[in-house]
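Ready for some practice in reading a protein model? Work through the exercises below one at a time, and try each task before looking at its solution.

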Amino acid sequence: MQRAQAVSQLQIDDSQVIVTRWDFPPGSETGWHRHEHDYVIIPLTDGRMRLETPEGERVVTLEAGVCYTRVEGTEHNVINDGKEPFAFVEVEVKK
């Protein structure tokens, strides 16, 4: 199945962090990728995302302002599985 690409906007890339805003229209995806740094996700809106991972799939509900972290090496494809767009800011921490 061919999906639209989520839209990323690089906001900061300095010696400490990489900050990217991600916007997901319904049905869009990031494509499979592996995170090279530990990171924090800051949801800007509520949303429903499906995560495809090497271990399988799971659905996660985003709540605006409720942050979470993941570690370096995380591999997945993030898909907007809902009917409404959602957005978050990703802050990758360089070591």
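## Exercise 1: Arg3 and its partners

At 16% relative accessibility, Arg3 counts as buried, because buried means under 20% relative accessible area, exposed over 50% and partly exposed in between (1.4 Å probe, protein chains only). Before going on, note that this is a predicted model, where local features need pLDDT of at least 70 and side-chain atom pairs count only at pLDDT 80 or more, while totals for chains, interfaces and linings use all residues. Residues are numbered from 1 along each chain as its sequence is written, and side-chain values use heavy atoms, with hydrogens and water left out.

**Task.** Find which residue forms a salt bridge with Arg3 at 2.9 Å, and say what the pair ties together.

**Solution.**
- Step 1: Recall the rule: a salt bridge is a side-chain nitrogen of Lys or Arg within 4 Å of a carboxyl oxygen of Asp or Glu.
- Step 2: Glu29 fits, with its closest N and O atoms to Arg3 being 2.9 Å apart.
- Step 3: Arg3 lies in the segment before β1 and Glu29 in the loop between β2 and β3, so the pair ties together parts 26 residues apart in sequence. Strands here are DSSP runs (E, at least two residues), numbered from the N terminus.
- Step 4: Arg3 also has a salt bridge to Glu52 (3.8 Å, N to O). This pair links the segment before β1 with strand β5 (residues 47–53), 49 residues apart.
- Step 5: Glu52 is buried, because its relative accessibility is 14%.
- Step 6: Arg3, Glu29 and Glu52 belong to a salt-bridge network that also includes Arg48, Arg50, Glu57 and Asp81.

## Exercise 2: The open sheet

**Task.** Work out which strands stand at the edges of the five-stranded sheet.

**Solution.**
- Step 1: Two strands pair if DSSP finds at least two bridges between them.
- Step 2: Write down the order, β1-β2-β9-β4-β7, with antiparallel pairing.
- Step 3: β1 (7–13) and β7 (68–70) each have a single partner strand, so one side of each is left without a neighbour in the sheet.
- Step 4: Check one pair: six bridges join β1 to β2, and Ser8 has Trp22 in β2 as its bridge partner.

## Exercise 3: Pro25

**Task.** Is Pro25 buried, exposed or partly exposed, and what does it contact?

**Solution.**
- Step 1: Locate Pro25 in the loop between β2 (17–24) and β3 (33–34).
- Step 2: Pro25 is partly exposed, because its relative accessibility is 38%.
- Step 3: Leaving aside neighbours within four places in sequence, Pro25 is in contact (heavy atoms within 4.5 Å) with Asn80 and Pro85.

Key:
Helices (H or I, at least four residues) and strands (E, at least two) are DSSP runs, numbered from the N terminus.
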